[in-house]
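Work through the exercises below with the sequence and the structure at hand. Each task is followed by a solution in steps.

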Amino acid sequence: LEVKQHFEMLSTSMWTLFKMMTMDGWTSVAEAVLEERPWMILFFLVFIFLSISSVSIVPAIFLETHMIQRERTRKQMRT
């Protein structure tokens, strides 16, 4: 019943996956799903890995872009 509540509609599924991506209470959802479908551990491992990776990569891209722009501005000011 708990699994169905989290994944019954597209909106609740998206909200559940967003909560899992932010690591907010993801263990209770994962445990409930794994009780019914143990093979879903593959999905959870990949999803959590990609979530952590994307959370790390996005700020790195913004920082690199900012640093490149700052360096261009410094070069322009020197000339």
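Residues are called buried under 20% relative accessible area, exposed over 50%, and partly exposed in between. The model used in these exercises is predicted.

**Exercise 1.** Locate Met21 and decide which accessibility class applies to Met21.

Solution.
1. Met21 is placed in helix α2.
2. The relative accessibility of Met21 is 33%, so this residue counts as partly exposed.
3. Together with Trp15 and Phe18, Met21 makes a nonpolar surface patch of about 320 Å².
4. From Met21 to Arg78 there are 57 residues in sequence, and the C-alpha to C-alpha separation in space is 44 Å.

**Exercise 2.** Determine what is notable about the phi of Met23, and where Met23 lies.

Solution.
1. Most residues other than glycine have a negative phi.
2. Met23 is not a glycine, yet its phi is positive, at about 65 degrees.
3. The residue belongs to the loop that runs between α2 (10–21) and α3 (26–36).
4. Met23 has 33% relative accessibility and therefore counts as partly exposed.

**Exercise 3.** Count the aromatic pairs in the whole structure, then classify the pair formed by Phe43 and Phe44.

Solution.
1. Searching the whole structure gives 3 aromatic pairs.
2. For Phe43 and Phe44, the ring centres are 5.5 Å apart and the planes are at 65 degrees, so this pair is edge-to-face. The cut-offs needed here are centres within 6.5 Å for a pair and planes over 60 degrees apart for edge-to-face.
3. Ring pairs join Phe43, Phe44 and Phe47 in a cluster.
4. Now compare the two members of the classified pair. Phe43 has 34% relative accessibility and is therefore partly exposed, whereas Phe44 has 5% and therefore counts as buried.

**Exercise 4.** List the residues of the negative surface patch and name the helix that gives the most to the negative patch.

Solution.
1. The patch of negative charge on the surface gathers Glu2, Glu31, Glu35 and Glu36.
2. Helix α3 contributes the most to this patch, with 3 residues.
3. Glu31 has its place in α3.
4. With a relative accessibility of 53%, Glu31 lies over the 50% cut-off and so counts as exposed.

**Exercise 5.** Identify the residues of the positive surface patch and assign Lys75 to a helix.

Solution.
1. Arg70, Arg72, Arg74, Lys75 and Arg78 form a positive patch on the surface.
2. Lys75 is part of helix α4, which covers residues 41–78.

**Exercise 6.** Place Phe7 in a helix, state whether Phe7 is buried, exposed or partly exposed, and give the separation of Phe7 and Leu17.

Solution.
1. Phe7 sits in helix α1, made of residues 2–7.
2. The relative accessible area of Phe7 is 30%, so the residue is partly exposed.
3. Phe7 and Leu17 are 10 residues apart in sequence, and their C-alpha atoms are 9.2 Å apart in space.

Note on methods. Residues are numbered from 1 along each chain as its sequence is written. This is a predicted model: local features need pLDDT of at least 70, side-chain atom pairs count only at pLDDT 80 or more; totals for chains, interfaces and linings use all residues. Side-chain values use heavy atoms; hydrogens and water are left out. Rings of Phe, Tyr and Trp (its six-membered ring) pair if their centres lie within 6.5 Å; planes under 30 degrees apart count as stacked, over 60 as edge-to-face and the rest as tilted. Buried means under 20% relative accessible area, exposed over 50%, partly exposed in between (1.4 Å probe, protein chains only). Patches are made of residues with over 30% relative accessible area and no salt bridge: like charges are joined within 9 Å, nonpolar side chains (Val, Leu, Ile, Met, Phe, Trp, Tyr) within 5 Å. Accessible areas come from the Shrake-Rupley method with a 1.4 Å probe; for residues, only the protein chains shown count as cover. A salt bridge is a side-chain nitrogen of Lys or Arg within 4 Å of a carboxyl oxygen of Asp or Glu. Lys and Arg count as positive and Asp and Glu as negative; His and the chain ends are not counted. The place of a charge is taken as NZ of Lys, CZ of Arg, CG of Asp or CD of Glu. Helices (H or I, at least four residues) and strands (E, at least two) are DSSP runs, numbered from the N terminus.
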